[in-house]
Amino acid sequence: MANATGDAVAQVGPAARTGRPTGIPWAAGLLVLFWFGGFMAFLDSPDAQVLGATVRIFYIHVAVAWLAGLAFLVNWMGSILYLVRRDLRVDRWAAVSAEIGEVFTTAVLVTGSIWARVAWNTWWTWDPRLTTALVMWFLYLAYLVLREGVSRPESRAAVSAVVGIVAFVDVPVVFLSTRWWRSIHPVIEQNGTFALSPHMLLAMFAMLAAVTAFYVYILRLRVRQEAARDAIEAMRLRLRSRGETS
Amino acid sequence: MGREAVAVAAKELRLAVRGRTGAATVVAFAALALALMAFAFGPEAGRARGFAPGALWLTFFFAGQFALQGTFAVEGENAALEGFLVSGADRLALFVGKLAAGGMVMGAVEAVGVPLYLLFFGHLGEVRLPLLGASLAMGDAGFLAAGVLLAAVTSHARAGEAVFPLALFPVTVPVLLAGVATTRAALGGGDGGAWWELLAGYDALFLALSLLLFESALEVE
């Protein structure tokens, strides 16, 4: 018994023992980043000419959109890597990243809808950017639902890798949709230059840095949690088989 | 690979003709769906004509999903898939065979569905058959390339039949959009423009992706 527990803890790492997964420095760092980003976005940056103060939702909207794209990119790379290396730890990273991406895609759609009500006078319109983003939300929903349905870890990893690679086809399309088709959605970056004032640009990058740090933090936390769950499952199986033999 | 793919396709077609949820059921389902769409949109054919190609394509989408969803469950019975995998046959033959058979079933659905559609929706304008054929064939190719892969993938899941449409329809949204636009063009509404290119690009991309990923999708329990 003591042995089994020791093995499992060794797999999860010392964090399982202390109960403090990533510690105070992360929390402090995130606090500083979000404080700075929030200050730049809500107090320092100027009102927009037409949209006034409502433009400030832009800093959140762009940041969560960037994060959704990043999270799905990590899922895509993890999916390819899994099929090449067949390492279940890679699958864990990919799955957790898709989960975070889906949550942040929801945030993109919600913040976008709120902003659209102000800027376009409608909660929703079938613009190419909105359409492709909604399809992306559905694609990764299917990815997550499929994972729930497959119990053998190797099968689950392989089939979700296939779906992860297929689903990612839409992600660059979401990004490029405003350039490819006539879209009412604004494009803020063109050929490496941004259509923003320096203070707005600084606020945007501050928020991007903050959410990216948040992503890294939550990704590591969830991966550790999933590893602990798997270790417990393995422990339970071992105990059960021991109970049957004695 | 060629002979093996033909053997798989022949087996699939035998199942489609003799099986319980075979091609006849799928065709009957499509006819019923078209009638339901006509009821739902009301008798004013003139008003319906603008979006009627959408009704046609939705019918083919649901019929296609219906045709594909059991295609790998059958392989699980009597360990047929394991038998195939240890037989030494090229694994891609399974994909190509199912794709070809699926194309023929969809062809049967459309051979019945299009005349019924023209009847139910009271289409009076010209019908450009070569264009209509191209629109349907290109749409089917992309739909089935993605569909066979996703049917294989979701067959591993509990309640896979519920997950399959959840994965299939978002992936095939471009086929629906481009299929409707090109079919509308074939029925006398413009030329379809860049939708043809989108359809061709989707077909090429998903045929390549499916060929690349199909073996990974066959992971057996």
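Here is a walk through this structure, from one whole chain to a pocket, a helix and a single glycine. Keep in mind along the way that the model is predicted.

Let's begin with chain A as a whole. Its secondary structure adds up to 9 helices and 2 strands. Read from the N terminus, the order is α-α-α-α-α-α-α-α-β-β-α, so to speak a run of helices, then the strands, then a helix again. Measured out along the principal axes, that is, computed from the C-alpha trace, chain A spans about 75 × 40 × 30 Å. Of its 246 residues, 45% count as buried. Contacts in chain A often link distant parts of the sequence: among those between residues at least 6 apart, 78% join residues at least 24 apart.

Now for the empty space. The largest pocket has a volume of about 1400 Å³. It is lined by 48 residues, and the closest to its centre are Val62(A), Arg129(A), His185(A), Pro186(A) and Ile188(A). Which helices of chain A each supply at least two residues of this lining? They are H4 (57-85), H5 (88-119), H6 (128-149), H8 (170-180) and H9 (198-245). H4(A) gives the most, with 9 residues. As for the chemistry of the lining, 36 of its residues are nonpolar, 8 are polar and 4 are charged.

Over in chain B, take a look at helix H7, which covers residues 91-120. With 30 residues at 1.5 Å each, this helix should span 44 Å, and its end C-alpha atoms are 43 Å apart, so the two values agree. Both ends of the helix have something to look at. At the start of H7(B), Asp90(B) has a side-chain oxygen that comes within 2.9 Å of the backbone nitrogen of Leu92(B). Just after H7(B), you'll find Gly122(B) with a positive phi of about 60 degrees.

Last stop: Gly139(B), which sits in helix H8 (residues 129-154) of chain B. Is this glycine buried or exposed? Gly139(B) counts as buried, because its relative accessibility is 0%. Leaving aside residues up to four places away in sequence, Gly139(B) touches Trp57(B), Val175(B) and Leu199(B). For a sense of distance, try Glu215(B), which lies 76 residues from Gly139(B) along the chain: the C-alpha atoms of the two are separated by 24 Å.

Methods:
Residues are numbered from 1 along each chain as its sequence is written. Chains are lettered from A and ligands numbered from 1 in the order in which they are written. This is a predicted model: local features need pLDDT of at least 70, side-chain atom pairs count only at pLDDT 80 or more; totals for chains, interfaces and linings use all residues. Side-chain values use heavy atoms; hydrogens and water are left out. On a 1 Å grid over the protein atoms alone, a cavity is a set of points where a 1.4 Å probe fits but cannot get out, and a pocket is an open set with protein on both sides within 12 Å along at least five of seven lines; lining residues have an atom within 4 Å of a point. Grid points are joined across faces, edges and corners, and a volume is the space filled by probe spheres set on the points. Helices (H or I, at least four residues) and strands (E, at least two) are DSSP runs, numbered from the N terminus. Ala, Val, Leu, Ile, Met, Phe, Trp, Tyr, Cys and Pro count as nonpolar, Asp, Glu, Lys and Arg as charged, and the others, Gly among them, as polar. The expected span of a helix is 1.5 Å times one less than its number of residues. A polar contact is a pair of N or O atoms within 3.5 Å; within protein, one must be able to donate a hydrogen and the other to accept it, and residues adjacent in sequence count only if both atoms are side-chain atoms. Buried means under 20% relative accessible area, exposed over 50%, partly exposed in between (1.4 Å probe, protein chains only). Contact means heavy atoms within 4.5 Å.
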